[in-house]
Amino acid sequence: QVQLVEYGGGLVQLGDSLRLSCVAPGVDFNSQSMAWYRQASGKRREAVASIQPEGTAYYAPFVEGRFTISTDKNKNTVDLQMDSLKPEDTAVYYCNVPGTGSWGQGTQVTVSS
């Protein structure tokens with residue numbers, strides 16, 4: 001398994017932006033897709049966004065147009081730019097390598113109104 005480390009979370013206000021990053025050592029972004037999930041308190045973990053090796057990105061409807069997933073092959077990170085944040089975006093955000101069972105420890109995002 002891959003030791004994923006997420007960072008960048010924090011406490012922000014309605015409408016603010018945050019950029020999450022996930023360090024993915026040893027992952028070849030040219031052949032491996034990556035994903036971000038989130039889990040709000042008392043709720044199931046849900047997919048937020050994913051990016052394919054060729055760069056195609058997919059988004060959950062509730063973040064479409066507000067979040068952008070990208071990879072930085074120099075830093076070996078997968079990033080999630082989150083704009084126009086809403087209180088309902090409050091959750092722990094996790095990085096994932098699909099098909100490997102590898103998860104990070106998560107980073108908390110809290111959006112106040």
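# Exercises on a predicted strand model

Four strands make up an open sheet, ordered S1-S3-S8-S7, with antiparallel pairing. The model is a predicted one.

## Exercise 1. The edges of the sheet

Task: find which strands stand at the edges, and state what that leaves them without.

Solution.
- Step 1. Read the order of the open sheet: S1-S3-S8-S7.
- Step 2. Take its ends. Strand S1 (5–7) and strand S7 (67–72) stand at the edges.
- Step 3. Each of S1 and S7 has a single partner strand, so one side of each lacks a neighbour in the sheet.
- Step 4. Add the geometry. Neighbouring strands in this sheet are turned against each other by 15 degrees on average, direction ignored.

## Exercise 2. The partners of S8

Task: describe how strand S8 is joined to S3 and to S7.

Solution.
- Step 1. Start with S3. Strand S3 (residues 18–23) and strand S8 (residues 77–82) run antiparallel and are joined by six bridges.
- Step 2. Fix the register. Leu-18 stands opposite Met-82 in S8.
- Step 3. Turn to S7. S7 and S8 run antiparallel, and six bridges join them.
- Step 4. Fix this register too. Ile-69 has Leu-80 in S8 as its bridge partner.
- Step 5. Look at the connection. The hairpin of S7 and S8 has four residues between the strands, and there Asn-76 takes a positive phi near 60 degrees.

## Exercise 3. S11 and its two faces

Task: list the bridge pairings of S11 with S2 and S9, then sort the residues of S11 by face.

Solution.
- Step 1. Strand S2 (residues 10–13) runs parallel to S11, with four bridges joining the two. Leu-11 is the bridge partner of Thr-110 in S11.
- Step 2. Strand S9 (residues 91–97) pairs with S11 in the antiparallel sense over three bridges. Val-92 stands opposite Gln-108 in S11.
- Step 3. Recall the rule: side chains of a regular strand alternate between the two faces of the sheet.
- Step 4. Apply the split to S11 (residues 107–112). Thr-107, Val-109 and Val-111 make up the covered face. Gln-108, Thr-110 and Ser-112 make up the uncovered one.

## Exercise 4. The nonpolar core

Task: name the residues that touch the most other members of the largest nonpolar core, and find which strand gives the most to this core.

Solution.
- Step 1. The largest nonpolar core has 27 residues. Met-34, Trp-36, Leu-80, Met-82 and Tyr-93 touch the most other members.
- Step 2. Check the contributors. S3, strand S4 (34–39), strand S5 (46–51), S7, S8, S9 and S11 each supply at least two residues.
- Step 3. S9 gives the most, with four residues.
- Step 4. Follow Tyr-93 outward. Beyond four places in sequence, the residues it touches include Leu-20, Trp-36, Val-48, Phe-67, Leu-80, Met-82 and Val-109.

## Exercise 5. The disulfide

Task: locate the disulfide, give its handedness and say what it ties together.

Solution.
- Step 1. The structure holds one disulfide. Cys-22 and Cys-95 form it, with sulfur atoms 2.2 Å apart.
- Step 2. The torsion about the S-S bond of Cys-22 and Cys-95 is about -80 degrees, so the disulfide is left-handed.
- Step 3. Cys-22 lies in strand S3 and Cys-95 in strand S9, so the pair ties together parts 73 residues apart in sequence.
- Step 4. Both Cys-22 and Cys-95 are buried.

## Exercise 6. Two buried polar residues

Task: decide whether Asp-79 and Asn-96 are buried or exposed, and find polar contacts of their side chains.

Solution.
- Step 1. The cut-off for buried is under 20% relative accessible area.
- Step 2. Asp-79 lies in strand S8. Its relative accessibility is 7%, so Asp-79 counts as buried.
- Step 3. The Asp-79 side chain makes polar contacts with the side chains of Ser-21 (2.7 Å) and Thr-77 (3.4 Å).
- Step 4. Beyond four places in sequence, contacts of Asp-79 include Arg-19, Cys-22, Trp-36 and Ile-69.
- Step 5. Asn-96 is in strand S9. Its relative accessibility is 6%, so Asn-96 counts as buried.
- Step 6. The Asn-96 side chain reaches the backbone oxygen of Ser-102 at 3.0 Å.
- Step 7. Compare sequence with space. Asn-96 and Trp-36 are 60 residues apart in sequence, yet 6.0 Å apart from C-alpha to C-alpha.
- Step 8. Leaving aside neighbours within four places in sequence, Asn-96 is in contact with Leu-4, Met-34, Ala-35, Tyr-37, Ser-102 and Trp-103.

Note on methods:
Residues are numbered from 1 along each chain as its sequence is written. This is a predicted model: local features need pLDDT of at least 70, side-chain atom pairs count only at pLDDT 80 or more; totals for chains, interfaces and linings use all residues. Side-chain values use heavy atoms; hydrogens and water are left out. Two strands pair if DSSP finds at least two bridges between them. Axes are lines fitted to C-alpha atoms, for helices over the stretch in contact, and angles run from 0 to 180 degrees between N-to-C directions. Buried means under 20% relative accessible area, exposed over 50%, partly exposed in between (1.4 Å probe, protein chains only). A nonpolar core is a set of buried Ala, Val, Leu, Ile, Met, Phe, Trp, Tyr and Cys residues joined through side-chain atoms within 4.5 Å. Contact means heavy atoms within 4.5 Å. A polar contact is a pair of N or O atoms within 3.5 Å; within protein, one must be able to donate a hydrogen and the other to accept it, and residues adjacent in sequence count only if both atoms are side-chain atoms. A disulfide is a pair of cysteine sulfur atoms within 2.5 Å.
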